[in-house]
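Trainee: Please take me closely through one helix-helix contact in this model, and then place it in the rest of the chain. What should be looked at, and in what order?

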Amino acid sequence: MQKKDNPARSSSFGFILENDLKAYRRFLLDSGLPQVSFPRGTVITGSGTASSGVFFLLDGVVKVSVTNIHGYERILGYHKKNSLFAMDGLKHSEKVVVTTTAVTPVSALKLSSEDLADLFRKDFRFASDVVRYYGEVLKLMCYDAESQTSNSVKAKLANFIVLYMQSEDYRTLGYLPFSQSELSSAVGASRVQIARICAELSREGLIASEKKKVYILKPEKIRKLVSYHGFA
């Protein structure tokens, strides 16, 4: 969901949210909002618990996930600097839906709905960009819901790969930095299923993998496996 240099790709979105609100970092830092820090591994907001507000991420990585009644975790995405997270926390009287966890040490600014309203009055451009940001996140969640309706785990994995390939991380690293266990959590499948599909894709020459690294050798063939065709 990062900004793209190529205007033709400006409508695309990605699995990692970073720098969408970079232009307002100084504006928010100067607004007197409380700054909070979380050690690695901290559950910042927990599904089913009362909302504690929304956070603007200054530094660190935050994982967004859901857990079913059997305790199985599925990763929805990651936040990095200059993005808003725990966005289901605007209503303090309601419980949040997703769990946000500090993957690394995290520093952030904490905002209430009243804080946001005050900031919107101060800068209408900020209000407009936050609405746009929420729209992009909604699009990502709609994509996730569509992806999970697929009966094919291979299609779900292909969806995830194609989505992640749009991220700044992938363009920098040149590979997907995930273990098979992390891939299984990301697509809502078992590790055994993912291991079998990765082995199949490797035999076909579509990917190559090593510990926590998945290289995409034939992206055009991976794209033919997706169940979702709304990528830019």
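Mentor: What follows starts with the contact of H6 with H7 and then moves outward from there.

This is a predicted model, in which local features need pLDDT of at least 70 and side-chain atom pairs count only at pLDDT 80 or more, while totals for chains, interfaces and linings use all residues. Residues are numbered from 1 along each chain as its sequence is written, and side-chain values use heavy atoms, with hydrogens and water left out.

Helix H6 spans residues 180–187 and helix H7 residues 191–203; helices here are DSSP runs of H or I with at least four residues, strands are runs of E with at least two, and both are numbered from the N terminus. The two helix axes come within 8 Å and cross at roughly 110°, the axes being lines fitted to C-alpha atoms over the stretch in contact, with angles from 0 to 180 degrees between N-to-C directions. H6 and H7 are therefore roughly perpendicular, a class that covers 65 to 115 degrees, where under 35 is roughly parallel, over 145 roughly antiparallel and the rest oblique.

On the H6 side, the contact (heavy atoms within 4.5 Å) is made by Gln180, Ser181, Leu183, Ser184 and Val187. H7 contributes Arg191, Ile194, Ala195 and Cys198. By class, the residues of this contact are five nonpolar, three polar and one charged. Nonpolar here means Ala, Val, Leu, Ile, Met, Phe, Trp, Tyr, Cys and Pro; charged means Asp, Glu, Lys and Arg; the others, Gly among them, are polar.

Within H6, Leu183, Ser184, Ser185, Ala186 and Val187 are buried, that is, under 20% relative accessible area, with exposed being over 50% and partly exposed in between (1.4 Å probe, protein chains only). Gly188 follows H6 and has a positive phi near 75°.

Ala186 leads on from H6 to Phe15, with which it is in contact. Leaving aside neighbours within four places in sequence, Phe15 also touches Ile75, Leu76, Gly77, Tyr78, Phe160, Leu163, Tyr164 and Phe178. Phe15 belongs to the largest nonpolar core, which has 50 residues; such a core is a set of buried Ala, Val, Leu, Ile, Met, Phe, Trp, Tyr and Cys residues joined through side-chain atoms within 4.5 Å. The members that touch the most others are Phe15, Leu84, Leu157, Phe160, Leu176, Ile216 and Ile222. Helix H4 (residues 153–164) supplies the largest share of this core, eight residues. A second, separate core has 10 residues, among them Ile44, Phe55, Ala102 and Val106.

H4 residues recur at the end of the chain. Val226 lies in the segment after helix H8 (219–223), and its contacts beyond four places in sequence are Ala155, Ala158, Asn159 and Val162. The C-alpha atoms of Val226 and Lys156 are separated by 7.1 Å, although the two residues are 70 apart along the chain. With a relative accessible area of 9%, Val226 is buried.

After H7, strand S10 (residues 207–210) and strand S11 (residues 213–216) pair in the antiparallel sense over four bridges; strands count as paired if DSSP finds at least two bridges between them. Ser209 stands opposite Val214 in S11. Two residues lie between the strands of this hairpin, and Lys212 there takes a positive phi near 55°. Lys212 is partly exposed, at 40% relative accessibility. Most residues other than glycine have a negative phi. Asn82 is another non-glycine residue with a positive phi, about 65°, in the loop between strand S6 (73–79) and strand S7 (84–85). At 2% relative accessibility, Asn82 is buried.

S6 and S7 belong to separate strand orders. S7 ends an open antiparallel sheet of four strands, S2-S9-S4-S7, while S6 sits in an open sheet of five strands with mixed pairing, S1-S6-S5-S8-S3. In the four-stranded sheet, S4 (residues 54–59) and S9 (residues 106–111) share five bridges, with Leu57 opposite Ala108. In the five-stranded sheet, S1 (16–17) and S3 (43–45) are the edge strands, and S3 runs antiparallel to S8 (residues 99–102) over two bridges.

For the chain as a whole, there are eight helices and 11 strands, and 47% of the 232 residues are buried.
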